[in-house]
Amino acid sequence: MDLQDIWNTVFSFQDYAEILPLVTNSLIAGALLGLVGGMIGIFVMLRDMAFAVHGIAELSFAGAAFALLIGANVVFGSLIGSVVAALVLGMMGAAAKDRNSIIGVLMPFGLGLGILFLALYEGRSANKFGLLTGQIVAVDQVQLGLLAVCSVVVLIALVAMWRPLTFISVDPAVATARGIPAAKLSVAFMLVLGLAVALSIQVVGSLLVLSLLITPAAAAMRVSANPVITVSLSVFFAVTSVVGGILLALAGSLPISPYVTTISFLIYVVCRLIAWRRDRVRHLKTAALAA
């Protein structure tokens, strides 16, 4: 395969105008997932739980693979796996050190189970590959309805616990002293996070879920410390990554995940450069005033 063949595989806009109207459901689903990922990603960053996202994704992958093996709904299998992982982490890993050790145990177990179920599955290889790399370009009305309901549940839960969850994420000791039920809130957040992870796997697959739940929030937090601006930017970056990835994926013959992760990474790099430039200017001004 030469460079021209590689380029045509990645970007080929032949019949693009005819294909675009067929993926309306996918674009709506992508926007919903971007909204969910952008909002919950802020708390993931505040609570230093990026590793937990990856751990939940592995058990979510195992649940989806088992559902695929027995002919059940893959989305429900993914949700069950995520909820189980979230409950285990929420109830057993309150401290960061304990949580990370539990995740380190769960991750290889979940990945091993998933690989076992996929090895036993005798159906289309594309179904196996989609669990790892995402397959949102074929969303029907039933899937869109389920995704919309789950997204609304996540968003309502986040809004309901926003202030106390922010408090315990920033200063857990003071929050506990003020009477906020930190343990119960942590378990509730883990359940919401598990649901968000299960939804995100449909876009980028279990291997690259961090690009949707971590990278947009990390990028937003590099350029602003204002809570409202940070959340708004995180959602904007996540929606841009997902919707942009879907639109670009239609132009090629690759899975959607490389496009989503590349856009997300480029946004993060730009935000890092903006933050570096801002800090450098601030340092030079401080040095000039001191002189």
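**Leu199 and its surroundings in an all-helix predicted model**

Leaving aside the neighbours within four places in sequence, Leu199 touches Leu33, Leu147, Cys150 and Ser151. The model in which these contacts are seen is a predicted one. Leu199 itself belongs to helix α11, which spans residues 182-204. With a relative accessible area of 1%, Leu199 counts as buried, because the cut-off for that class is under 20%. Leu199 also illustrates how the fold joins distant parts of the sequence: Val75 is 124 residues away along the chain, yet the two C-alpha atoms are 7.9 Å apart in space.

One of the partners of Leu199 is Ser151, a residue of helix α8 (residues 141-160). Is Ser151 buried or exposed? Ser151 is buried, its relative accessible area being 1%. Apart from neighbours within four places in sequence, Ser151 is in contact with Leu32, Val36 and Leu199. Cys150, another partner of Leu199, is buried as well, at a relative accessible area of 10%. A further cysteine, Cys271, is buried with a relative accessible area of 4%. How many disulfides does the model contain? The count comes to zero, where a disulfide would require a pair of cysteine sulfur atoms within 2.5 Å.

From these residues the view may be widened to the whole protein. Its secondary structure consists of 15 helices and zero strands. Of the 291 residues in the protein, 45% are buried. When contacts between residues at least 6 apart in sequence are considered, 78% of them link residues that are at least 24 apart.

The packing of helices can be followed in one pair. Two packed helices are described by the angle between their axes and by the distance between those axes. Helix α3 (residues 24-46) and helix α13 (residues 215-223) have axes that come within 8 Å and cross at roughly 70 degrees. This crossing angle makes α3 roughly perpendicular to α13, because angles of 65 to 115 degrees fall in that class. Which residues meet where the two helices touch? From α3 come Gly41, Ile42, Met45 and Leu46, and from α13 come Ala217, Ala218 and Met221. By character, the residues of this contact divide into six nonpolar, one polar and no charged.

Ala218 leads on to another helix. The C-alpha atoms of Ala218 and Arg272 lie 9.5 Å apart, although 54 residues separate the two in sequence. Arg272 is part of helix α15, residues 257-290. Its relative accessible area of 38% makes Arg272 partly exposed, because that class lies between the limits of 20% and 50%.

Beyond α3, the chain enters the loop between α3 and α4 (50-70), where Asp48 is placed. The phi angle of Asp48 is near 55 degrees, a positive value in a residue other than glycine. Asp48 is exposed, at 61% relative accessibility.

Helix α9 (residues 162-170) shows how a helix can have a buried side. An α-helix has 3.6 residues a turn, so residues three or four places apart point the same way. In α9 the buried residues are Leu165, Ile168 and Ser169. They span an arc of only 105 degrees around the axis, and therefore lie on the same side of α9. The face turned away from that buried side carries Arg163 and Val170, which are exposed.

Key. Residues are numbered from 1 along each chain as its sequence is written. This is a predicted model: local features need pLDDT of at least 70, side-chain atom pairs count only at pLDDT 80 or more; totals for chains, interfaces and linings use all residues. Side-chain values use heavy atoms; hydrogens and water are left out. Axes are lines fitted to C-alpha atoms, for helices over the stretch in contact, and angles run from 0 to 180 degrees between N-to-C directions. Helices (H or I, at least four residues) and strands (E, at least two) are DSSP runs, numbered from the N terminus. Angles under 35 degrees count as roughly parallel, over 145 as roughly antiparallel, 65 to 115 as roughly perpendicular and the rest as oblique. Contact means heavy atoms within 4.5 Å. Ala, Val, Leu, Ile, Met, Phe, Trp, Tyr, Cys and Pro count as nonpolar, Asp, Glu, Lys and Arg as charged, and the others, Gly among them, as polar. Buried means under 20% relative accessible area, exposed over 50%, partly exposed in between (1.4 Å probe, protein chains only). The arc is that of the directions from the helix axis to the C-beta atoms.
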